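Morning, everyone. I'll take you through one model, so please have the structure up on your screens.

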Amino acid sequence: NPDLKLVVDTGYLMYRESEGIQYWDLTSDDVARYLTDYINEVGGKVKAVNGDDYEWLDNVELLAYKNEPGIEYHHTPWFKVKFPDYNDFVDCVAHVNGFVQDFINSYKDGKYKTTITVLPLFSGAPYPRIQVPLMIKSLELQRDAGAPLGVGWNLYNCNQHPDSWPGSLPGETLSLCLGGSGLEDQVNWLKSVWIAPSAEHIDINPDDIKLTVTETGYATGGLPYANEYLAGIFYNGLISKMEDPSSSLHGVDIYFFEALDEDLKPGIVEPYWGLMDAEGNLKQSIDQYWPSIDEDGNIITEDTEIEKEETDAELYTTAPIVEGNLRATSA
């Protein structure tokens with residue numbers, strides 16, 4: 001399907017246990033070798049299904065070489081030890097950015113340099129001293145390659161993290177989150193405060209830069225206010241905004257995190273982000289409140305109406321936390 005577009009995160013490829021080359025010691029040859037091996041490995045599997053003429057990179061829109069560098073610097077001890085000055089960390093990551101962009105510029109005689117956008121994926125956390133210079137660097141490399149200009153952000157307006165909301169969630173925050181307007185505010189802020197000034201700094205028209213929300217979602221277990229009922233309302237409101245021409249989310253590519261629960265993933269809330277459970281079954285409330293769209297791309301209004309469930313008080317409490325392969329269910 002040529003219309004299917006993929007975001008590929010290659011950050012984990014930059015370390016091989018068998019070689020032990022640290023991130024800051026990577027060379028251009030190392031990066032090219034790692035990426036070539038990965039492309040061929042995936043290619044071999046898809047060619048077995050789709051035929052030898054199929055090139056899976058034809059479907060790739062964004063190629064990320066680093067995921068959430070601001071968070072990684074502040075929460076990964078070895079980077080802070082190696083780079084006490086965050087500016088040195090930025091220079092190191094930007095250096096690897098150049099290696100990845102150079103690879104795409106030359107791979108298959110440059111076939112993909114004007115179709116694939118190489119970029120880091122940022123988090124919504126405010127790390128401007130790290131994220132802004134890396135964004136500027138990637139935009140410059142994209143421009144020089146003739147690639148589509150783009151930035152990618154993981155935005156979680158409903159940030160169900162225990163450090164953020166230890167046991168309670170303000171009602172006004174929940175309202176903004178579930179209606180989609182909170183994500184609108186984040187997108188507007190990013191465009192006006194970070195993206196536009198950065199673009200103008202390097203003589204790029206901000207309107208030429210495509211913002212992609214590379215992750216957003218709503219967990220369904222593990223914490224207070226994390227359940228299938230509220231997740232259903234979250235996706236209903238967000239999709240409605242995406243289909244509304246008056247919304248700043250209209251026309252923005254948004255990737256939902258994630259398709260399936262990862263039951264064995266460590267963490268309090270990490271196993272419960274799926275639209276489906278680990279066996280591939282759509283979660284009931286998400287399925288119930290998912291908007292229907294007609295042939296003209298308009299949401300069927302009556303399908304978006306939410307009926308408040310009688311067990312409201314129970315649904316707004318913590319879903320039970322369970323271990324093993326069972327997933328948390330709503331109250």
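**Thr 117 and the sheet around it**

Let's start with one residue. Thr 117 has a relative accessibility of 3%, so it counts as buried; the cut-off for that is under 20%. Keep in mind that this is a predicted model.

Where does Thr 117 sit? It belongs to strand S3. What does Thr 117 touch? Leaving aside residues up to four places away in sequence, its contacts are Glu 61, Leu 62, Leu 63, Gln 142, Pro 148 and Gly 150. Pro 148 comes up again. Its backbone oxygen is 2.7 Å from a polar atom of the Thr 117 side chain.

Now zoom out to the sheet. It is open, and it has 6 strands. The order reads S1-S2-S3-S4-S5-S6, and the pairing is parallel. At the edges are S1, residues 6-9, and S6, residues 254-256. Each of these edge strands pairs on one side only. On average, neighbouring strands are turned by 30° against each other, ignoring direction.

Take the S1 side. S1 pairs with S2, residues 60-67, in the parallel sense. That pairing has 4 bridges. One to find on screen: Asp 9, whose bridge partner in S2 is Ala 64.

Next, a helix on the sheet. H5 covers residues 128-145. It packs against the sheet and touches S2, S3 and S4. S3 here is 117-123, and S4 is 150-154. The direction of H5 makes about 165° with that of S3.

Another helix, H7, spans residues 181-201. H7 lies across S4, S5 and S6. Relative to S5, residues 210-216, it runs at about 135°.

Let's stay with S5. How many of its residues are buried? The count is 6 of the 7, so S5 is largely enclosed by the rest of the structure.

And its neighbours? S4 and S5 run parallel, joined by 5 bridges. Within S5, Thr 212 stands opposite Gly 152. On to S6: S5 and S6 are also parallel, with 2 bridges between them. Look for Val 213, which has Ile 254 in S6 as its bridge partner.

Last item, the connection. How does the chain get from S5 to S6? It goes through helix H8, residues 228-242. This is a β-α-β crossover, and it is right-handed.

To recap: a buried threonine, Thr 117, in strand S3, and an open parallel sheet of 6 strands. H5 packs on that sheet, and H7 lies across S4, S5 and S6. Thanks, over to you.

Conventions
Residues are numbered from 1 along each chain as its sequence is written. This is a predicted model: local features need pLDDT of at least 70, side-chain atom pairs count only at pLDDT 80 or more; totals for chains, interfaces and linings use all residues. Side-chain values use heavy atoms; hydrogens and water are left out. Two strands pair if DSSP finds at least two bridges between them. Axes are lines fitted to C-alpha atoms, for helices over the stretch in contact, and angles run from 0 to 180 degrees between N-to-C directions. Contact means heavy atoms within 4.5 Å. Buried means under 20% relative accessible area, exposed over 50%, partly exposed in between (1.4 Å probe, protein chains only). A polar contact is a pair of N or O atoms within 3.5 Å; within protein, one must be able to donate a hydrogen and the other to accept it, and residues adjacent in sequence count only if both atoms are side-chain atoms. A crossover is right-handed if, with the strands pointing away from the viewer, the path from the first strand over the helix to the second runs clockwise.
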